[in-house]
Amino acid sequence: MRLVLLGPPGAGKGTLAALLKEGLGLVHISTGDMLREEMKKETATGREVKKFIEKGELVPDEFVIRLIEKKLTSDKRVGHGYMLDGFPRTRKQAEDLDRILGQIRQPLDYALYMESTLPVIIQRLGGRRVCRNCGTLYHIRNKPPKKEKVCDLCGAEVYQRADDNEATIRTRMDVYLKNTRSVIDYYNAQGKLKKLDGDKDSEEVQAVLMQIFHEDHKFNKH
Ligand code: ADP
Ligand code: ADP
Ligand code: ZN
């Protein structure tokens, strides 16, 4: 199964992806994680994208498209299915993704649109914490680690992303609202869009999704 996860920052895309990774064995591909990795390694790309990420603006399309193209055409693990999280974020990215997938004859199955309301998003992003080592997501109130600032799974430090501050969250929301409609419309026109209620518990969202997959017999085809 090949999926894209759409929705505002904080809608729960990464959290749902972690559940689906476990449940369905899909590879989780997050452009945000890939870009942060480039920054950590201080690659040429990492140095170029840093200023955009720190401000909460979108990184220019060519950087993310290059990363995604490389991943989808050279990583063998993606052959069993994957979820793209945080990509595409612009119409150009959506079109380029279809071009790449057309070349390797692997069309997408669904674009999952996680809708979430502003107060929920602000609460979630303000309290989000991430494991520096394994990327497990936490929340200071909704899902705190057992021991403060320590990952339950690997024992590494749990930290707050630099862009999860109030001013940058506001910019990211504006950027999202400006670009999202064209991406949603793009997948709606292809008949691939499925709307999910991101304000609900992640387990509930996952259950609704499993129902959709079963009704469409998607498990049998892949
Ligand atoms: P969130 O999970 O809060 O939505 P991400 O980790 O997906 O945040 O993205 C963090 C930042 O990385 C974005 O604010 C943006 O600067 C950059 N980024 C990630 N994915 C893309 C993309 N597809 N196009 C452009 N910029 C991106
Ligand atoms: P996104 O990838 O869409 O930016 P995340 O999955 O990183 O969103 O979730 C943002 C924050 O909200 C994290 O701290 C996560 O633990 C928490 N969270 C995610 N989904 C839910 C949910 N359904 N209910 C409560 N908290 C959630
Ligand atoms: Zn960890």
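Modeller: Buried means under 20% relative accessible area, exposed over 50%, and partly exposed in between (1.4 Å probe, protein chains only). The model is predicted: local features need pLDDT of at least 70 and side-chain atom pairs 80 or more, while totals for chains, interfaces and linings use all residues. Residues count from 1 along each chain as its sequence is written, chains are lettered from A and ligands numbered from 1 in written order, and side-chain values use heavy atoms, without hydrogens or water.

Colleague: Thanks! Is K55, in its salt bridge with E57, buried, partly exposed or exposed?

Modeller: The side chains of K55 and E57 meet at 4.0 Å, N to O; a salt bridge is a side-chain nitrogen of Lys or Arg within 4 Å of a carboxyl oxygen of Asp or Glu. E57 has a relative accessibility of 35%, so it counts as partly exposed. K55 has 47%, so it too is partly exposed.

Colleague: Let's move to K92 and D96. Which helix holds both of them?

Modeller: Their closest N and O atoms are 2.9 Å apart, making a salt bridge. D96 is buried, with a relative accessible area of 12%, whereas K92, at 41%, is partly exposed. The two residues sit 4 places apart, about one turn, within helix α5 (helices are DSSP runs of H or I with at least four residues, strands of E with at least two, numbered from the N terminus), and so the helix you want is α5.

Colleague: And how far apart are the closest N and O atoms of D197 and K200?

Modeller: D197 is partly exposed at 37% relative accessibility. K200 is also partly exposed, at 40%. The two form a salt bridge, and the closest N and O atoms are apart by 3.5 Å.

Colleague: Which residues are joined into one network by salt bridges that share partners?

Modeller: The structure holds 17 salt bridges. Those that share partners make one network, and its members are E69, K92, D96 and R99.

Colleague: I'd love to hear about the zinc ion (ligand 3). What spacing do its donors follow along the chain?

Modeller: The protein donors are the SG atoms of C131, C134, C151 and C154, at 2.3 to 2.4 Å from the ion; donors are N, O and S atoms within 2.8 Å of the metal, or 3.2 Å for Na, K and Ca. C134 lies in the loop between β5 and β6, and C151 in the loop between β6 and β7, 17 residues apart. C134 is partly exposed at 39% relative accessibility, while C151 is buried at 4%. Along the chain, the spacing is C-x2-C-x16-C-x2-C.

Colleague: What do the buried residues of α6 pack against?

Modeller: Helix α6 spans residues 118–127, and its buried residues include I121, R124, L125 and G127. Packing here means contact, that is, heavy atoms within 4.5 Å. Their packing partners are β5, β6 and α7.

Colleague: Now the backbone. What phi does R105 have?

Modeller: R105 lies in the loop between α5 and β4. At 71% relative accessibility, R105 is exposed. Although not a glycine, R105 has a positive phi of about 50 degrees.

Colleague: And E42: where is it placed?

Modeller: E42 also has a positive phi, about 55 degrees, without being a glycine. Its relative accessible area is 57%, so E42 counts as exposed. Its place is the loop between α2 and α3.

Colleague: Last one: is the peptide bond from F87 to P88 cis or trans?

Modeller: P88 lies in the loop between β3 and α5. The bond from F87 to P88 has omega near 0 degrees, and is cis.
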